[in-house]
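User: Please take a close look at one part of this model, the membrane-annotated stretches of the first chain, and then set that part against the rest of the assembly.

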Amino acid sequence: MSVSTVSQYSAAPAILPAASGMRGVLSDAFWRRPKLLLLLMLLPPVLWLGIIYIGSLFALLLQSFFSIDEFSGLINREFTLKTYGDLFQAANLDIILRTVTMAATVTLASAVIAFPIAYYAARYARGRWKALFYLAVMLPLWSSYLVKIYAWKLILAKEGILTWLFAKLNLLWLLDAWLSLPVVGGNSLSVSFTGTFIVFVYVWLPFMILPMQAALERVPGNLIEASADLGASPGQTFRNVLLPLALPGIVAGSIFTFSLTLGDYIIPQVIGTSRLFIGQAVYTQQGTAGNIPLAAAFAVVPIVIMGLYLWMAKRMGAFDAL
Amino acid sequence: MTPAVSFQKVSRHFGAVKAVDTVDLDIAPGEFFAMLGPSGSGKTTCLRLIAGFEQPTAGLIAIFGERAEGVPPYRRNVNTVFQDYALFPHLNILDNVAYGLMVKGIGKAERHKAAEEALSLVRLPGYGERRPSQLSGGQRQRVALARALVNRPKVLLLDEPLGALDLKLRENMQDELKSLQKVLGITFVFVTHDQGEALSMADHVAVFNDGRIMQVGTPRDIYERPRTRFVADFVGSSNVLPPDFVQRYSGQRRWGSLRPEAIRVVKSTRDDGLSARLVSANYLGATTRLALDADGLRLHAVVPAGTSLPEEGEALVLTFNRDQLHLMDEPA
C-alpha cells in the first residue's frame, strides 16, 4: 500500500465536508428552506382536497339552486330557492325530522355505551389488555359493512335468535309490548325503528369509543386526584373535571356518529320501516325520480345541521380545553 | 396532646415492593414536618397515605386522633399541593382556587371572595381571570398553594412543591412557606429530597430510606448527631469514619461522623495531626470543598472563601476537635 492511500484514509475527516452527490445537495437545499419541502409534500393532497373534494361539494351546492320543470322533468338552470322551498313540504320535512331524531338518539346512546369502555381502556387497561381493547373495538370494522347489516337482519328477524332468547327467558311479553308501541314498534325488530337504531349504534360505536378514549387518556391522573383531594366526590369529579376535559373527544366522536347516521342510506333500507331517511331520499331523488336539484338540496341538509351542531358545541365551550 | 398525624406500624406494599415498611411516626399539630429521603425511599407514599390516595397494607393511621384507614380522600380535611401543581386547565385561576369550596356547595359570590383572599395571601391578587397556562411555574405553585389553603385544611401536604423552580425562586418560596405556616398555624407535611430545604424549613425531619424511617429529629439532631451511616452521608454529606479509625480517637469501636466544616486543614508536614494530600478542590462561592486523601481514607473538608488553597497533591495536616467527632449508633 502506498503512502498516499494510507494518509488519505488516516487523515482526519474534514470539519465541514462538502455535500456528496445530487441527493446531498437536495437534502441541504430542503434543510435551508424547510417550507419548500412542506409545500411539495402538501401540494398533492391539497389539490386533491381542493379540486376533487371541495369542488364536487361546490358543484352539489350549485345543483341545489337549480330547479326541475315538473312538466317536462328537465333541469332548469336558473338560480332559484324553489328547491329548498320543496324541502319544507310536509313529507320532506318529515324525512329530515326523522333522520335528525334518529341521529341524535344514536349519538346519545353511543356516547353512553362508549364512555365506560373508553374510560376503562384509558385509565386501567395496560399492556396486553390494551391491545385486546383495540382489537375488540377495531375487529368489527374489518368485516364488510353489508355482511354485518344482513347478519343483524337475521338476528332481529321474527324467527331470529333474539326472539328465541326472549322466549327462552319467558320475556316474550316484554318484546311484544315494546313492538306494539307506536313509532318505535313494528311487526318484528327487523322492520322497526328500534331495529334501525340498534344496528346504527352497533355499526358506529367504534367511531365514538376511539376519540373518547384518546381524549380521556390525555386527562392527567393527578387532576382526578387533585379534585378528590379538594373534597369532590367521584360524581362531582366526573361532572367538573373528567367530563369537561373529555368533551372535545366526545364531540369528535359525536360528529362521527351523528354525521354518519345522517348520511347513511343502506341500514334504514335493509332494517326498519319503509319510511325514508335523508340518505334514502337523496338516493331515490337522484335515481328513480331524476330530481337532481332536490337530491342536492337534501344532501345539503346534513351539512347545515353539522355546521349548526359544531357552532353550538363551540358556544357551549366544548373546545375550551383544547 | 393528640398528634396531627400518627402512623403505627404502617406498611404499604405494591406486590413484592415494600414502598413503606412498618413506619411509626407522630407529627405534632402546628409543626412544619419534613420527610426527607432519596427518590423511591417511601416518603411520597407516606404523604399519599395521609392524603388517602393510598391505603395501608397494614398498620393504623390516625389524623387528629381519628382513624383514617378506608376514608376516601374527599372526606379528609387534608389538602395537597402537588409536585406538578395539578391545576385544572379548563378553569381560570379564580375557579381553580374556589374549586374546593364549589364542591362543598358554597355560593358563587362567597367562594369567589374567599378565593380572591387566598390569592392575596400568596401575593397573586387580581390573577383570577387568567388561565393556568398563562402563568409561570412559580405563579402556578402559588395558585396550587392558595387552592389548598382556601379550604382551611387541618394538615397541608406538600409533595416536592419547589422541585421545578429555579434556585432563586426556590429560596424565596422557602421563606414564604415558612412564614405562611407560622401565620396560619396549620400543620405542614413537606416531602423533599433536598436536605438543605428540609433542614432550613422544618421543625422536625424524618429521614427515609428503603421504605423505612432511619431517624426522626430536629434539623440540628439530624445534622449533628446522625444515628446511621446513611443519615450522616445523606444529610449534609458528613465524613463517615470507619470503626478502626474512630477507635484511635475515642477508644470506642463504632462508626463515626465528622462534618466537613469541623476539619481544619493546615499546610504543614508536622506530625501533630492526620497527614493527608489534596485530591481536588471544588469552588462553591462562599466556601471551597476539598477532597482529601488521608492514607486511603477519603475525607471532605470545607474551607471559607479567601483561605489560601493548597496545591493538588500537596502534603497537609488535618486536625479537628475530638468532641466534634460524633459516634453513631450503627453497630461496627
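Analyst: In this predicted model, residues 191-210 of chain A are 90% helix and 0% strand, with 30 Å between the end C-alpha atoms. This stretch is one of those that UniProt, in an unreviewed entry, lists as "transmembrane region"; the others are 36-62, 95-120, 132-155, 161-179, 245-267 and 288-312 of chain A. Residues 36-62 of chain A are 100% helix and 0% strand, and their end C-alpha atoms are 35 Å apart.

The same kind of record covers a longer span. An unreviewed UniProt entry gives residues 96-313 of chain A as "domain: ABC transmembrane type-1". Over residues 96-313 the chain is 78% helix and 0% strand, and the C-alpha atoms at the two ends are separated by 21 Å. The domain assignment splits chain A into domain 1, residues 18-58, and domain 2, residues 89-315. Between the C-alpha centres of these two domains of chain A there are 39 Å.

The nonpolar core brings in both chains. The largest one has 153 residues, and the members that touch the most others are A:Met212, B:Ile50, B:Val97, B:Val189, B:Phe190 and B:Val207. Helix α10 of chain A, residues 193-217, contributes the most to this core, with 16 residues. On the chain B side, B:Val189 can be followed further. Apart from neighbours within four places in sequence, B:Val189 has contacts with B:Val5, B:Ile27, B:Phe33, B:Met35, B:Leu47, B:Ile50, B:Val155 and B:Leu157.

The contact between the chains takes 17 residues from chain A and 19 residues from chain B. On the chain B side, β6 (78-81) and α2 (93-103) each supply at least two residues. Helix α2 of chain B gives the most to that side, with three residues.

Chain B itself is divided into domain 1, residues 5-232, and domain 2, residues 239-327. The C-alpha centres of the two domains of chain B lie 38 Å apart. Their contact takes five residues from domain 1 of chain B and four residues from domain 2 of chain B.

Within chain B, helix α5 (residues 167-184) holds B:Leu169. B:Leu169 counts as partly exposed because it has 16 C-beta neighbours inside 10 Å, and burial would take 20 or more. B:Leu169 and B:Gly137 are 32 residues apart along the chain, and their C-alpha atoms are separated by 9.6 Å.

Chain B also has an open sheet of five strands, in the order β13-β17-β14-β15-β16, with antiparallel pairing. Its edge strands are β13 (264-266) and β16 (297-304) of chain B, each of which pairs on one side only. Neighbouring strands in this sheet are turned against each other by 45 degrees on average, direction ignored. One pairing inside the sheet joins strand β14 (residues 274-283) and strand β15 (residues 287-294) of chain B, antiparallel and over six bridges. B:Tyr283 stands opposite B:Thr288 in β15 of chain B. In general, strands of a sheet pair through backbone hydrogen bonds, either parallel or antiparallel.

Technical notes
Residues numbered from 1 in each chain as written. Chains lettered and ligands numbered in written order. Predicted model: local features only at pLDDT ≥ 70, side-chain atom pairs only at ≥ 80, totals over all residues. UniProt positions renumbered as here; feature names shortened; annotations may be inferred. Helix = DSSP H or I, 4+ residues; strand = E, 2+ residues; numbered from the N terminus. Core = buried A, V, L, I, M, F, W, Y, C linked by C-beta atoms within 7 Å. Buried ≥ 20, exposed ≤ 12 C-beta atoms within 10 Å, placed from the backbone. Contact = placed C-beta atoms within 7 Å. Domains from an automatic or database assignment. Pairing = 2+ DSSP bridges. Axes fitted to C-alpha atoms, helices over the stretch in contact; angles between N-to-C directions.
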